[in-house]
Amino acid sequence: MLKNRPKDIAFEESLSEDWTRDFDIVEVPLGNKSLLWLGIAILCACIIVISQIVLLNLNGKFYAARSEANAVQRERIPAPRGLIMDRNGDILVENAAVFTAVLDAKEFLRDREKQEEAFMALEDILHVDRTELWNSIERASETEFFSPILLSENLSRTEIIDLKSRNISSVIIENNFERKYKNGPVFAPVVGYTGRVNSTDLKSNPELRGEDFIGRAGVESFYDSILRGEPGVVSAARNALGNVLGHEEKRDPKIGNSVRLTIDSGLQEYLYNRLREGLFSLGRKVGIGLALNSQNGEVLALVNIPSFDNNILSGSGRNAEKMEILTSPNKPLFNRAVSGLYNPGSTIKPLVAVAALTEGVIDSTKQIFSPGYLDVPNPYNPDMPTRYMDWRNQGYVDLVSAIGQSSNVYFYTVGGGAGDSKGLGITRLRAWWEKFNLGVQTGIDLSGEGFGFLPSPDWKEKKTKKPWLLGDTYNVSIGQGDLLLTPLQLLSYISAIGNGGKIYRPFVNLDARRPEISADLSNLETAIKEVQAGMRQVVTSPLGTARLLADLPFAVGAKTGTAQIRNNEQANAIFVGYAPVPNPQIALLILVENSKEGSLNTLPIAKDVLNWYYNNRILANSN
């Protein structure tokens with residue numbers, strides 16, 4: 001009996017209807033293109049993530065500080081700047097308390113509901129322009145997020161009451177200080193002025209804040225870090241709603257250090273008023289007065305006319321007056337005594353005399369004849385020599401009388417040579433200028449000092465494509481041509497002649513600096529004494545160019561000069577001198593731009609200033 005066999009399952013029965021339809025579909029491989037696009041997408045995503053990480057790291061300090069600012073409420077307490085006093089302790093610059101309105105940018109942006117209220121209040125009370133304020137807020141958030149934005153300085157009592165009554169948390173009224181300058185125009189060239197920091201200041205010094213003031217010129221600028229002090233701060237933690245948590249921490253402000261100057265305020269005031277009076281009588285507008293202590297380099301007085309009122313520039317408002325100062329064609333902000341460049345004229349002759357004696361070009365007894373001119377033969381036309389003029393017929397002069405009478409022909413000869421006399425020549429002249437520290441900064445502790453300019457044959461050839469000529473040497477031998485000095489350089493070298501050869505570094509901070517000899521030429525004592533005798537004859541000789549000073553009750557050594565400018569159409573008048581001889585305590589320079597009668601215009605001013613100093617300081621201190 002056969003066992004039943006399992007029934008074969010037909011293939012057709014095992015396929016469903018849906019499955020059989022799949023035989024019409026062909027499988028195609030994906031290939032590499034899709035994977036490439038997927039890889040690019042992943043790479044781009046990675047680059048974006050990495051760049052964000054790098055960006056956050058680069059700006060980590062900013063975001064950390066911003067986070068801290070949101071968590072910590074800080075109120076900055078300004079520090080008063082240090083006082084500035086004259087050598088006797090008289091106050092020249094002090095502080096006055098004022099109230100300032102500033103906007104806390106982060107608080108303003110955080111509380112959006114009150115922004116419109118704040119805008120309306122600031123427009124009504126302080127007349128703040130809404131658009132300008134928004135621009136300031138945007139700039140502050142990009143650069144210095146926490147720096148308050150100045151709204152108005154020196155608030156009136158009414159403005160303070162109105163602002164407080166509005167109770168706007170983002171508007172802060174701060175106690176601040178404004179500089180008050182004694183006799184602004186008189187002392188401005190020395191003490192300078194202050195101004196609120198700008199964006200450049202904030203970038204260069206991260207310690208500064210938008211409401212800070214810094215020195216902009218003079219002592220205020222040079223000693224800014226000493227005068228500025230350290231602000232205080234009150235800080236307290238707060239929650240996300242801005243509510244203060246816990247106790248507050250306070251650090252009191254530290255007042256800036258005071259600076260005592262070498263300036264004699266009495267002399268400064270007298271020199272300023274006398275120079276202004278002299279300029280007025282001449283119908284002139286520009287002049288310089290400078291006084292040094294011949295024995296140590298202290299700056300006793302430094303006057304520029306025109307000057308400016310530093311109370312205007314440092315204070316709030318008065319924009320029209322500020323603009324007048326900034327745009328004046330007479331440049332009252334330019335410190336001519338320290339930065340101006342001038343031909344020294346005949347005031348360079350004492351230096352040339354020291355050089356000629358020391359180099360053996362001439363001795364003190366040799367005489368040179370001056371008929372009022374010096375003719376240099378013309379090899380191409382013997383009948384038409386080149387003539388260099390003296391200012392008058394001098395006759396025979398030796399070194400002492402040549403200085404006393406200011407003989408140009410004598411110094412043409414010893415400087416450039418004439419006939420059988422060889423002269424120093426430009427190379428040795430330039431070396432002697434450098435020995436007396438001309439053409440370099442003196443190192444005074446005031447900003448913006450000029451260098452002066454010492455011409456040379458190489459310089460001329462590069463500039464003009466022409467060679468240095470004998471006439472060029474003649475010109476610089478009497479302080480004309482391209483030789484340029486600052487008044488401070490000129491008086492420093494004259495002061496060294498008076499004290500026997502020591503060139504001191506000029507300085508104005510009496511407490512921070514000490515006398516420093518920058519060049520000691522006392523080994524030239526023999527030559528310097530001959531020159532000193534010549535500078536006495538400038539005053540005592542009947543033909544001396546400063547004969548007006550002869551009746552002073554003390555001995556003066558002096559030299560006058562007239563420097564031709566603007567193609568000889570105008571002339572600057574210069575006086576330099578020292579007193580009393582033989583141990584001078586003051587060296588004085590008076591310069592009048594575009595003078596009427598040359599050096600004669602400076603003599604009455606110089607005489608009165610020297611007389612005042614002798615009577616009020618030298619005699620008074622000796623009793």
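**Entry 1. Helix H17**

How many of the ten residues of helix H17 (residues 349-358) are buried? I began with this question and found that nine of its ten residues are buried, so that the helix is mostly covered. I took buried as under 20% relative accessible area, exposed as over 50% and partly exposed as in between, with a 1.4 Å probe and protein chains only. The buried residues of H17 are Lys349, Pro350, Leu351, Val352, Ala353, Val354, Ala355, Ala356 and Leu357. Just after H17, glycine 360 takes a positive phi of about 75°.

**Entry 2. Basis of the work**

I noted that the model is predicted, that local features need pLDDT of at least 70 and side-chain atom pairs pLDDT 80 or more, and that totals for chains, interfaces and linings use all residues. Residues are numbered from 1 along each chain as its sequence is written, and side-chain values use heavy atoms, with hydrogens and water left out.

**Entry 3. Whole chain**

I looked up the secondary structure and found 25 helices and 21 strands. Helices (H or I, at least four residues) and strands (E, at least two) are DSSP runs, numbered from the N terminus. Of the 623 residues in the protein, 48% are buried. I then turned to contacts, a contact meaning heavy atoms within 4.5 Å. Among contacts with a separation of 6 or more, 69% are between residues 24 or more positions apart.

**Entry 4. Nonpolar cores**

I defined a nonpolar core as a set of buried Ala, Val, Leu, Ile, Met, Phe, Trp, Tyr and Cys residues joined through side-chain atoms within 4.5 Å. The largest has 123 residues, and those with the most contacts inside it are Val219, Trp433 and Phe436. Helix H25 (residues 603-622) gives the most to this core, with nine residues. Apart from it lies another core, of 20 residues, among them Ala101, Ala118, Val128 and Ile149. I followed phenylalanine 436 further: not counting residues up to four places away in sequence, it touches Leu351, Val354, Tyr493, Ile497, Ile503 and Leu521. Leu351 and Val354 are buried residues of H17.

**Entry 5. The E11-E12 hairpin**

I examined strand E11 (residues 287-292), which pairs with E12 in the antiparallel sense over six bridges. Two strands pair if DSSP finds at least two bridges between them. The bridge partner of glycine 289 is valine 303 in E12. The two strands form a hairpin with six residues between them, and glycine 297 in the turn has a positive phi of about 90°. Strand E12 (residues 299-305) is mostly covered, with seven of its seven residues buried.

**Entry 6. Cis peptide bonds**

A cis peptide bond joins isoleucine 305 and proline 306, with omega about 10°. Proline 306 lies in the loop between E12 and helix H14 (310-314). I also recorded a cis bond from valine 581 to proline 582, with omega near 15°. Proline 582 is in the loop between strand E20 (570-579) and strand E21 (586-592).

**Entry 7. Two buried residues**

Where is glycine 404 found? I located it in helix H18 (residues 399-405). It counts as buried because its relative accessibility is 0%. Not counting residues up to four places away in sequence, glycine 404 touches Gly534, Gln537, Val538, Leu543, Gly544 and Thr545. Its C-alpha atom and that of threonine 540, 136 residues apart along the chain, are separated by 8.5 Å.

Asparagine 335 is in the loop between helix H15 (319-327) and helix H16 (336-339). Its relative accessible area is 13%, and therefore it is buried. With the same sequence neighbours left out, up to four places away, asparagine 335 touches Pro189, Leu302, Asn304 and Gly340.

**Entry 8. Positive phi outside glycine**

Asparagine 167, a residue other than glycine, has a positive phi near 55°. It lies in the loop between helix H8 (157-166) and strand E5 (171-181), and at 62% relative accessibility it counts as exposed. Lysine 465 has a positive phi of about 65° although it is not a glycine. I found lysine 465 in the loop between helix H21 (457-464) and helix H22 (470-477), where it is exposed, with a relative accessible area of 70%.
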